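Got the model open in your viewer? Here is a short walk through it, one selection at a time.

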Amino acid sequence: MELIPCCHCGDLFPPSPRHKSQDYCMKPKCRRAKKAAWKRHKMRTDPDYKFNQRMSNKKWAEANPGYWKGYRKKNPEKAERNRILQTIRNRRRPKNKDVNAKVDASLIAKVDASKSSNFKVVGQFWLVPVIAKVDALKVNIHEISTPYH
Ligand SMILES: [Zn+2]
């Protein structure tokens with residue numbers, strides 16, 4: 001039987017003859033990834049499902065007050081990552097629904113932007129993948145001396 005690569009882990013696996021379009025292997029983490037991908041798709045394409053999920057989450061949060069506050073306190077890295085990702089989502093979101101809306105000038109690249117030298121890329125940053133579905137990565141960028149100048 002021909003082996004196919006798993007969409008999540010990349011390992012080769014024998015597809016089930018019953019599921020012609022199987023693209024995830026049977027490892028628990030890959031099955032979770034498949035379910036999460038399905039849910040993301042459903043949230044994007046099914047307004048009723050999205051509404052029901054929101055209502056359900058809201059109801060649960062009301063029944064468990066303080067859970068998310070405690071979660072953020074216990075997992076400051078995840079809270080920070082989420083804050084960054086939300087900032088990116090907010091920037092991508094159109095300012096208003098008007099099709100002829102003004103384009104946000106701050107999002108347009110300036111030709112002379114590279115001339116600015118007062119911005120130093122030194123410090124702690126999150127590398128946030130825009131397309132690939134992988135976790136964000138925290139990096140430290142240090143300044144090193146350049147002896148050949
Ligand atoms: Zn897999």
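For the first stop, a donor is an N, O or S atom within 2.8 Å of the metal. Keep in mind that this is a predicted model.

**Stop 1: the zinc site**

Select the zinc ion and show the side chains around it. Which residues coordinate the zinc ion? You should find Cys6, Cys9, Cys25 and Cys30, each giving its SG atom, at 2.2 to 2.4 Å. Put angle labels on the four donor atoms and you'll read 104 to 113°, which makes the site tetrahedral. For reference, the ideal angle for four tetrahedral donors is 109.5 degrees. Along the sequence, the donor residues follow the spacing C-x2-C-x15-C-x4-C.

Now keep just Cys9 and Cys25 highlighted. Cys9 sits in the loop between strand 1 (4-5) and strand 2 (12-13), while Cys25 is in the loop between strand 2 and helix 1, so this pair ties together parts that are 16 residues apart in sequence. Buried or partly exposed: which is Cys9? Its relative accessibility is 24%, so Cys9 counts as partly exposed. Cys25, at 7%, counts as buried.

**Stop 2: the whole chain**

Zoom out and switch to cartoon. The chain has four helices and four strands, and from the N terminus on they run β-β-α-α-α-α-β-β. Colour by accessibility if you like: of the 149 residues in the chain, 11% are buried.

**Stop 3: the aromatic pairs**

Next, show the aromatic side chains. How many aromatic pairs does the structure hold? There are five. Start with Trp38 and Tyr49: the ring centres are 5.6 Å apart and the planes stand at 80°, and since an angle over 60 degrees counts as edge-to-face, that is what this pair is. Trp38 belongs to helix 1 (residues 28-45) and Tyr49 to helix 2 (residues 47-63), so the pair ties together parts that are 11 residues apart in sequence. Switch on the surface to compare the two residues. Trp38 has 46% relative accessibility and counts as partly exposed, whereas Tyr49, at 18%, counts as buried.

Then move on to Trp60 and Tyr67. This aromatic pair is edge-to-face too, with 5.0 Å centre to centre and 85° between the planes. Trp60 counts as partly exposed at 40% relative accessibility, and Tyr67 likewise counts as partly exposed at 37%. Add Trp68 and Tyr71 to the selection: ring pairs link these two with Trp60 and Tyr67 into a cluster.

**Stop 4: the largest pocket**

Turn on your pocket display. The largest pocket holds about 2400 Å³ of space and has 41 lining residues. To centre the view, select Arg40, Arg81, Asn82, Leu85 and Arg89, which lie nearest the centre of the pocket. Helix 1, helix 2, helix 3 (67-74) and helix 4 (76-92) each supply at least two residues of the lining. Which element gives the largest share of the lining? That is helix 4, with 10 residues. Colour the lining by class and you'll get 20 nonpolar, six polar and 15 charged residues.

Stay on Arg81 for a moment. Arg81 lies in helix 4 and, at 28% relative accessibility, counts as partly exposed. Draw a C-alpha to C-alpha distance from Arg81 to Val128: the two are 47 residues apart in sequence but 8.8 Å apart in space.

**Stop 5: the second largest pocket**

For the last selection, take His19, Ser21, Gln22, Asp23, Tyr24, Cys25, Met26, Arg31, Lys34 and Ala37, which line the second largest pocket. The volume of this pocket is about 260 Å³. By class, the lining has four nonpolar, three polar and three charged residues. You've met one of these residues already: Cys25 lines this pocket and also coordinates the zinc ion through its SG atom.

Technical notes: Residues numbered from 1 in each chain as written. Predicted model: local features only at pLDDT ≥ 70, side-chain atom pairs only at ≥ 80, totals over all residues. Heavy atoms only, no water. Phe/Tyr/Trp six-rings, centres within 6.5 Å; stacked < 30°, edge-to-face > 60°. Buried < 20%, exposed > 50% of the residue type's maximum accessible area, 1.4 Å probe, protein only. 1 Å grid on protein atoms, 1.4 Å probe; cavity = no way out; pocket = protein on both sides within 12 Å on 5 of 7 lines; lining within 4 Å. Points joined across faces, edges and corners; volume = space filled by probe spheres on them. Nonpolar A, V, L, I, M, F, W, Y, C, P; charged D, E, K, R; others polar. Donors = N, O, S within 2.8 Å, 3.2 Å for Na, K, Ca; no water. Tetrahedral: all angles 85-135°; square planar, octahedral: opposite > 155°, others 65-115°.
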